[in-house]
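Subject: Structure handover

Hello,

Here is the structure for you to load. My notes on it follow below.

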Amino acid sequence: MTRGRGKPAEFIADVRSRYLDEVAAGAKLGEAAVFVGVHRNVPARHARTDATFAAALETAKARGRKARQDRTAHDESRYNHLGCRCRVCRTTATAARTGRRGSKGREAGGQVLNLGAGRESPTSFSLPSPSSQENPVAA
Ligand SMILES: [Zn+2]
């Protein structure tokens, strides 16, 4: 006799295995459940009572995240949000950051960025002359 208390064995090993494959391939959890023909709540419910499955699901989710990342374009967003440190992402992110930091005159790689070079900008405000600053204590 099968153990079961009136509930169908809807999430059998074969289905679990296909579900994990879908998740590992980058499918969203709900999509993977629908794909293998179970309700979207079933895998999570099963994971609560099956530690082996729960662990496999975590592994599959991590692989799925990576699979989704691999389908994302390499750019600043990928560098910032997905932690990609490949040359393309680093270069793009560095260029974008440098552009945003431009006005701060920040040092970059030991070189001071000379952002004012070549720009004709006469001082448009005048500093107070030393004589106009009275010092009541010294006087
Ligand atoms: Zn990258």
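The largest nonpolar core has 12 residues: F11, Y19, L20, V23, A24, A27, A32, A33, V38, F53, L57 and A60. At least two residues of this core come from each of α1 (13-24), α2 (29-36) and α4 (51-70). The biggest contributor is α1, which gives four residues. Please keep in mind that this is a predicted model. As general background, nonpolar side chains in soluble globular proteins tend to be buried together.

One member of the core, F11, touches R16, V38, V42, P43 and H46, leaving aside residues up to four places away in sequence. Of these partners, V38 is also listed in the core.

Next, the chain as a whole. The protein chain has six helices and two strands. Read from the N terminus, its elements run α-α-α-α-α-α-β-β. The protein chain has 139 residues, and 13% of them are buried. For contacts in the protein chain between residues at least 6 apart in sequence, 32% join residues at least 24 apart.

Then the packing of helices. Two packed helices are described by the angle between their axes and the distance between the axes. For α1 and α2, the angle is about 140° and the axes are 9 Å apart. The angle falls outside the roughly antiparallel range, which needs over 145 degrees, so α1 is oblique to α2. The crossing of these two helices, α1 and α2, is right-handed.

On the α1 side, the contact is made by V15, R18, Y19, E22 and V23. On the α2 side, L29, A32, A33, F35 and V36 take part. Sorted by class, the contact of α1 with α2 has eight nonpolar residues, two charged residues and no polar ones. Y19 and V23 of α1 and A32 and A33 of α2 are among the residues that make this contact, and these four names also appear in the core.

Last, the link between the two helices. K28 sits in the loop between α1 and α2. Is K28 buried, exposed or partly exposed? K28 counts as partly exposed because it has 13 C-beta neighbours inside 10 Å, while buried would require 20 or more and exposed 12 or fewer. K28 and K61 are 33 residues apart along the chain, and their C-alpha atoms are separated by 8.8 Å.

Regards

Key
Residues are numbered from 1 along each chain as its sequence is written. This is a predicted model: local features need pLDDT of at least 70, side-chain atom pairs count only at pLDDT 80 or more; totals for chains, interfaces and linings use all residues. A nonpolar core is a set of buried Ala, Val, Leu, Ile, Met, Phe, Trp, Tyr and Cys residues joined through C-beta atoms within 7 Å. Two residues are in contact if their C-beta atoms, placed from the backbone, lie within 7 Å. Axes are lines fitted to C-alpha atoms, for helices over the stretch in contact, and angles run from 0 to 180 degrees between N-to-C directions. Angles under 35 degrees count as roughly parallel, over 145 as roughly antiparallel, 65 to 115 as roughly perpendicular and the rest as oblique. A crossing is left-handed if the near helix is turned anticlockwise from the far one by less than a right angle, and right-handed if clockwise. Ala, Val, Leu, Ile, Met, Phe, Trp, Tyr, Cys and Pro count as nonpolar, Asp, Glu, Lys and Arg as charged, and the others, Gly among them, as polar.
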